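Trainee: Could you take me through some of the terms used for this protein, and show me how each one is justified?

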Amino acid sequence: MANQIKLRNAPGKYSIRAAGAVLGESSNVIELSEGDLTPVLYVPRADLAMAFFDKTDTSSHCPHKGDATYYTLEAKSGPIPDAAWSYEAPKAGLEDIAGHLAFYTDKVTVEEV
């Protein structure tokens, strides 16, 4: 599967929203495609309001990407647990996604504007 992971710069500008708030906008989004899975968008932390995200104790391991850490979104309506994840030190060949967050689509909306 590792050789089926592809990164590309997603064209266009993206808006990141949750719970009625805009969390950021970015023209520097990376799309990660992994085999037949739905592509995942990774947004640079520099383009997000990181004050709304708290790192949690949740973690997971992907044999192809590495260890993921998770973030709870502190929304006005209340916390959205583990809404985002990040590979702080991804495996070789995927270094471009370091410093980025990806989001669960049922918790955060990332869409091209």
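Mentor: Let us begin with the salt bridge, which is counted when a side-chain nitrogen of Lys or Arg lies within 4 Å of a carboxyl oxygen of Asp or Glu. Please keep in mind that this is a predicted model, in which local features need pLDDT of at least 70 and side-chain atom pairs count only at pLDDT 80 or more, while totals for chains, interfaces and linings use all residues. Residues are numbered from 1 along each chain as its sequence is written, and side-chain values use heavy atoms, with hydrogens and water left out.

Trainee: What makes the contact between arginine 17 and glutamate 111 a salt bridge?

Mentor: The N to O distance between these two side chains is 2.3 Å, which is within the 4 Å of the definition, so the pair qualifies. Arginine 17 belongs to strand 2 and glutamate 111 to strand 10 (residues 109-112), so the contact ties together parts that are 94 residues apart in sequence. A strand here is a DSSP run of E with at least two residues, numbered from the N terminus.

Trainee: Why can such side chains pair at all?

Mentor: Side chains of opposite charge can pair when their charged atoms come close. The structure holds five salt bridges, and another of them joins glutamate 31 to arginine 8 at 2.8 Å, N to O. Glutamate 31 lies in strand 4 and arginine 8 in strand 1 (residues 5-9), so parts that are 23 residues apart in sequence are tied together.

Trainee: How do you know whether glutamate 31 is buried or exposed?

Mentor: Its relative accessible area is 16%, and buried means under 20%, exposed over 50%, and partly exposed in between, with a 1.4 Å probe and protein chains only; glutamate 31 is therefore buried. Its partner arginine 8, at 41% relative accessibility, counts as partly exposed.

Trainee: What makes arginine 45 and glutamate 88 a salt bridge?

Mentor: Their closest N and O atoms are 2.8 Å apart, so the 4 Å limit is met. Arginine 45 sits in the loop between strand 5 and strand 6 (53-62), and glutamate 88 in the loop between strand 8 and strand 9, so the pair ties together parts that are 43 residues apart in sequence.

Trainee: Why are strand 4 and strand 5 said to pair?

Mentor: Two strands pair if DSSP finds at least two bridges between them, and three bridges join strand 4 (residues 30-34) to strand 5, the two running antiparallel, so the condition is satisfied. Leucine 32 stands opposite valine 40 in strand 5, and the two strands form a hairpin with five residues between them, where glycine 35 in the turn has a positive phi of about 55°. Strand 5 also pairs with strand 9 (residues 100-103), in the antiparallel sense and over three bridges, with leucine 101 as the bridge partner of valine 43.

Trainee: How do you know that strand 5 is mostly covered?

Mentor: Strand 5 spans residues 40-44, and four of its five residues are buried.

Trainee: What makes alanine 19 worth a remark about phi?

Mentor: The phi of alanine 19 is near 50°, a positive value in a residue other than glycine. Alanine 19 is found in the loop between strand 2 (14-18) and strand 3 (21-26), and its relative accessible area of 45% makes it partly exposed.
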